[in-house]
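Me: I would like a close look at one part of this model rather than a tour of the whole. Please build the picture up step by step, and keep it tied to what can be computed from the atoms.

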Amino acid sequence: MRTTSRYLAATRVITAIGVVSLVAACSGSGGTPATGGASSGGYPDQNITFVVPFSAGGPTDTVTRMIAEPMAAKLGGKIVVQNVEGAGGTVGAGEVSRAEPDGYNVLMHHIGMSTAPALYQNLGYKPLENFEMVGLVTEVPMTIVARKDFAPKTLQDLVTYVKANADKVTLANAGIGAASHLCGLLFQTAAGVKLQEVPYEGTGPALTDLVGGQVDFMCDQTTNTSGQISAGEVKAYAVTTPERVKSLPDLPTTTEAGLPKLQVSVWHGLYVPKGTPQDVVQKLSEALKTALADQKVIDQMAKLGTAPVPAEDATPQAHRAKLEEQIGTWAKVIADAGIKAS
């Protein structure tokens, strides 16, 4: 597998059902790996690495592992999921951007792919120029949650409380550029307040401290908070989408709760390095569509308050259009907030 030694730190192999298909493909191509700019030939004839640029167990990691097995089955090979975290997802994304463009290094990234150009002055890659888009995967709602003994009872109470106690309230996030950080920025803008932010290295540690009462509140994806909300381990105020989430039917939307300007969802997509053969990109896109139509994946996502995108969005064209639009949208939000990451 063409990958860097950094990737070898944490490996989980997801074995496909179609091993026979892999053997047949290898024998048909003489076992020669695909190379950048070439036809896919017997692709895949070796393990495919799915890089998650965030910590294991986090929302993006969870979504990746949901689709990896059915994608591997469709492709007739194996997918290795590896976590290469750091700097708001830019470390893993940067490594994939420099990887061999042969389809064996695939990046799963979220909304952070569209915010990184505005946040980081020395990013090292350009999302629209250094990657081929494979397709969108899902759009995950965000929730506003607090430690369970936090005084405010409703979202409006929360806004009133944080305005009166701005120097005391702590707003947790998973680090600069993380989805929870972006949602927190939008909350502060919508509420007209500036709060003390507490960044963590990942959503897992942030949510752990929230449950433990070390911080007051945060925004986080339903894929990470649904279990704690249902178990009563945190206090939930609202979901940041126009419609309620089926798995959390009693949780109002931000519009219903009186903060209509706070609207955000965390979309995920798959990427490969620029120059990856188009027939390889197409194979990956078709495998993605198959995975998103898998009933097991649909059911797993539903439990976490999300759903697969429609088949027409799991395409390179729809993915590129989404990325272009989101880069423009977030550039203004981040510039207005005056935030930069090193």
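To how many disulfides does the count come? And, for the close look itself, which strand do bridges join to β9, and what packs around this pair?

Reply: The count comes to zero disulfides, the criterion being a pair of cysteine sulfur atoms within 2.5 Å. Two cysteines can be placed even so: Cys183 is buried, at 1% relative accessibility, and Cys219 is likewise buried, with a relative accessible area of 1%. The model is a predicted one, and everything below should be read with that in mind.

As a setting for the close look, the protein has eleven helices and ten strands, and buried residues make up 56% of its 342 residues. Among the contacts between residues at least 6 apart in sequence, 79% join residues at least 24 apart. The accessible surface comes to about 13700 Å², with carbon and sulfur atoms accounting for 52% of that area.

The strand joined to β9 is β5, residues 131-147; the two run antiparallel, and five bridges link them. One of the pairings can be named at residue level, since Arg147 has Val234 as its bridge partner in β9. Strand β9 covers residues 234-239, and five of its six residues are buried, so the rest of the structure largely encloses this strand.

Helix α5, residues 155-164, belongs to these surroundings, and its buried residues are Leu155, Leu158, Val159 and Val162. Viewed down the axis of α5, these residues fall within an arc of 100°, so they line one face of the helix. That buried set packs against both strands of the pair, β5 and β9, and also against α6 (179-191) and β8 (217-221). On the face of α5 turned away from its buried side sit the exposed residues Thr160 and Ala164.

Helix α7, residues 203-212, offers a second example of a one-sided helix, with Thr203, Ala206, Leu207 and Leu210 as its buried residues. These cover an arc of only 95° around the axis, which puts them on the same side of α7. After the helix comes Gly213, whose phi is positive, near 85°.

A contact from helix α8, residues 222-230, brings in Leu207 again. Thr225 lies in α8 and is buried, at 1% relative accessibility. With its neighbours within four places in sequence set aside, Thr225 is in contact with Thr143, Val145, Leu207 and Asp220. Of these contacts, Leu207 is one of the buried residues of α7, while Thr143 and Val145 carry numbers within the span 131-147 of β5.

Charged side chains add another layer to the same region. Side chains of opposite charge can pair when their charged atoms come close. A search of the whole structure finds nine salt bridges, one of which involves strand β5: the side chains of Lys274 and Glu132 meet at 3.9 Å, N to O. Lys274 lies in the loop between β10 (265-273) and α9 (278-292), whereas Glu132 is in β5, so the pair ties together parts that are 142 residues apart in sequence. The two partners differ in exposure, for Glu132 is buried, with a relative accessible area of 12%, while Lys274 is partly exposed, at 44%.

Two further salt bridges join residues that can be described by their exposure. Lys126 pairs with Glu129, the closest N and O atoms being 4.0 Å apart; Lys126 is partly exposed, with a relative accessible area of 48%, and Glu129 also counts as partly exposed, at 48%. Glu197 and Lys194 meet in a salt bridge at 3.7 Å, N to O, where Glu197 counts as partly exposed at 23% relative accessibility and Lys194 as exposed at 59%. Salt bridges that share partners also join Arg147, Asp149 and Asp216 into one network, and this leads back to the strand pair, since Arg147 is the residue whose bridge partner in β9 is Val234.

Taken together, the part you asked about is an antiparallel pair of strands joined by five bridges, with β9 largely enclosed because five of its six residues are buried. The buried residues of α5 pack against both β5 and β9, a salt bridge joins Glu132 to Lys274, and Arg147 takes part in a network with Asp149 and Asp216.

Notes:
Residues numbered from 1 in each chain as written. Predicted model: local features only at pLDDT ≥ 70, side-chain atom pairs only at ≥ 80, totals over all residues. Heavy atoms only, no water. Buried < 20%, exposed > 50% of the residue type's maximum accessible area, 1.4 Å probe, protein only. Helix = DSSP H or I, 4+ residues; strand = E, 2+ residues; numbered from the N terminus. Pairing = 2+ DSSP bridges. Contact = heavy atoms within 4.5 Å. Areas by Shrake-Rupley, 256 points an atom, 1.4 Å probe, with all protein chains shown as cover. Arc of directions from axis to C-beta.
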